[in-house]
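Work through these short exercises with the structure open. Try each task before you read its solution.

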Amino acid sequence: RIIRSTPAWRAIPGQISPNFNLKEFACTDRAHTPYLTGLMREQGLTKAEARERAKQLARRLERLRRLGGDRPLLITSAFRTKAYNATLTGAATNSAHTRGFAVDSPPPRGVSLDQHRAHMLDAFECGVGYYPRGRGYFVHGDFDHTLGGRRTW
């Protein structure tokens, strides 16, 4: 905690912001495809471009965390390979996850799903999806402007 409150967090391997590490953004496929590697391979981004996208995602997640009372966030899905995305029931073919612009997260302890959705709407300017109990109990947030402006579902 002390390290994260100072610039020393930058010395932690893979740490992209005070509270988020690139490992948290990896695909949950069998290979655990890393965020940067996946974006470079599947989207043709340079390492610098992929890292910048990760920083943009982390900035939004830091805001989401602050809005939720600075409680730790669990990321259940960030980057997804196209092959892994295709295996998921209900996943959009053109998912923002495949381009590294999206995250799925259940509410942190002490925050309701409705509050978490409101916080996600403040932190992510494009897509926000609400998945109540029976549909996963999480909120999706993305900043993928290629899919249009504000979208909610």
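The exercises below cover one residue, one strand and its partners, and some charged pairs in a predicted model.

**Exercise 1. Place Asn 21.**
Find which strand holds Asn 21, and decide whether Asn 21 is buried or exposed.

Solution.
- Step 1: Look up the strand. Asn 21 belongs to β2, which covers residues 20-21.
- Step 2: Check the accessibility. Asn 21 has a relative accessibility of 12%. Buried means under 20%, so Asn 21 counts as buried.
- Step 3: List the neighbours. Leaving out residues up to four places away in sequence, Asn 21 touches Ile 12, Pro 13, Gly 14, Gln 15 and Ile 16.
- Step 4: Follow the side chain. The Asn 21 side chain reaches the backbone nitrogen of Lys 23 at 3.0 Å.

**Exercise 2. Find the partners of β4.**
Work out which strands are joined to β4 by bridges, and in which direction they run.

Solution.
- Step 1: Locate the strand. β4 spans residues 127-131, and four of its five residues are buried, so the rest of the structure largely encloses it.
- Step 2: Take β6, residues 151-152. Two bridges join it to β4, and the two run parallel. Here Val 128 stands opposite Thr 152.
- Step 3: Take β5, residues 138-142. Four bridges join it to β4, and this pair runs antiparallel. Here Tyr 131 stands opposite Phe 138.
- Step 4: Inspect the turn. β4 and β5 form a hairpin with six residues between them. Gly 134 in that turn has a positive phi of about 90°.

**Exercise 3. Sort the salt bridges.**
How many salt bridges does the structure hold? Then describe three of them, including how buried the partners are.

Solution.
- Step 1: Recall the principle. Oppositely charged side chains can pair when their charged atoms come close.
- Step 2: Give the count. The structure holds seven salt bridges.
- Step 3: Take Glu 52 and Arg 59. Their closest N and O atoms are 3.2 Å apart. Glu 52 is partly exposed at 34%, and Arg 59 is partly exposed at 48%.
- Step 4: Take Arg 99 and Asp 144. Their side chains meet at 2.3 Å, N to O. Arg 99 sits in the loop between α3 and β3, and Asp 144 in the loop between β5 and β6, so the pair ties together parts 45 residues apart in sequence. Both residues are buried.
- Step 5: Take Asp 142 and Arg 151. Their side chains meet at 2.7 Å, N to O. Asp 142 is buried at 1%, and Arg 151 is buried at 19%.

Definitions and conventions. Residues numbered from 1 in each chain as written. Predicted model: local features only at pLDDT ≥ 70, side-chain atom pairs only at ≥ 80, totals over all residues. Heavy atoms only, no water. Buried < 20%, exposed > 50% of the residue type's maximum accessible area, 1.4 Å probe, protein only. Polar contact = N/O pair within 3.5 Å; in protein donor to acceptor, adjacent residues only side chain to side chain. Contact = heavy atoms within 4.5 Å. Pairing = 2+ DSSP bridges. Salt bridge = Lys/Arg side-chain N within 4 Å of Asp/Glu carboxyl O.
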